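Hi,

Here is the structure I said I would pass on. Have a look at it first, and then read my notes below.

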Amino acid sequence: ETSFAGKGTDREALKQQFESHVERKAEEAAELVRRREAEKQEYDDMKFRSQDAIDKKITTWAGPKHSRKNLRAMLATFDSVLFEEAKEKWTKVGLHELVMVDQVKKVHRKAM
């Protein structure tokens with residue numbers, strides 16, 4: 001209920017009813033804000049945990065400080081760092097398919 005409809009004709013009783021109505025609405029609004037803040041905090045925590053796991057996986061795959069000295073080898077093992085939904089769309093590439101520069105460029109563009 002968003003509007004106030006008091007009962008009775010006594011001015012003081014109506015004033016008291018209105019004040020309790022306002023208090024109740026304020027508490028409901030505060031509870032909604034607290035709930036949204038808790039949901040946001042839970043989402044942020046989950047996001048940071050996921051990011052840490054992803055960073056660890058990428059560091060293991062790419063090497064320390066993401067050394068990209070061997071792009072061909074990284075592209076050939078790219079499927080090892082993809083999440084499940086992306087693995088379904090990615091076609092695994094072997095090193096024998098990454099001999100020529102234009103082949104590397106093509107696969108690199110697909111990976112991006």
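A word on naming before anything else: helices here are DSSP runs of H or I with at least four residues, numbered from the N terminus. With that in hand, alanine 62 can be placed in helix α1. Please keep in mind that this is a predicted model.

How confident is the predictor? The mean pLDDT of the protein chain is 83, and 94% of its residues reach 70 or more. Among the elements, helix α1 (residues 11-62) has the highest mean pLDDT, at 89, while helix α3 (residues 84-89) has the lowest, at 78. As a general caution, predicted coordinates should not be read in detail where pLDDT is low.

Let's stay with α1 for a moment. I looked at three of its residues, and here is how they come out:

- Alanine 26, in helix α1, is partly exposed, with a relative accessible area of 44%. Its C-alpha atom is 48 Å from that of valine 81, and the two are 55 residues apart along the chain.
- Arginine 36 is also placed in helix α1. It counts as exposed because its relative accessibility is 53% and the cut-off for exposed is over 50%. From arginine 36 to alanine 73 it is 45 Å, C-alpha to C-alpha, with their positions 37 residues apart in sequence.
- Alanine 62 is buried, as its relative accessible area is 8% and buried means under 20%. The C-alpha atoms of alanine 62 and lysine 106 are separated by 20 Å, and these residues are 44 apart along the chain.

Now for helix α4, residues 101-111. Which of its residues are buried? Val104, Val107 and Ala111 are. They cover an arc of only 70 degrees around the axis, which means they sit on the same side of α4. In general, an α-helix has 3.6 residues a turn, so residues three or four places apart point the same way. The face of α4 turned away from the buried side carries Asp102, Arg109 and Lys110, which are exposed. And what covers the buried residues? The cover includes α2 (71-76).

Those buried α4 residues turn up again in the largest nonpolar core, which has 12 residues, among them Val104, Val107 and Ala111. Others in this core include Leu75, Phe78, Val81 and Trp90. Both α2 and α4 supply at least two residues each, and the largest share, three residues, comes from α4. Alanine 111 is a handy place to zoom in: leaving aside neighbours within four places in sequence, alanine 111 is in contact with Leu75, Phe78 and Trp90.

Last, the rings. How many aromatic pairs are there? The count comes to zero. There is a charge over a ring, though: lysine 47 lies over the face of phenylalanine 48, at 5.9 Å from the ring centre.

Cheers

Methods:
Residues numbered from 1 in each chain as written. Predicted model: local features only at pLDDT ≥ 70, side-chain atom pairs only at ≥ 80, totals over all residues. Heavy atoms only, no water. Buried < 20%, exposed > 50% of the residue type's maximum accessible area, 1.4 Å probe, protein only. Arc of directions from axis to C-beta. Contact = heavy atoms within 4.5 Å. pLDDT = per-residue confidence, 0-100. Core = buried A, V, L, I, M, F, W, Y, C linked by side-chain atoms within 4.5 Å. Phe/Tyr/Trp six-rings, centres within 6.5 Å; stacked < 30°, edge-to-face > 60°. Lys NZ or Arg CZ within 6 Å of the ring centre and 35° of its normal.
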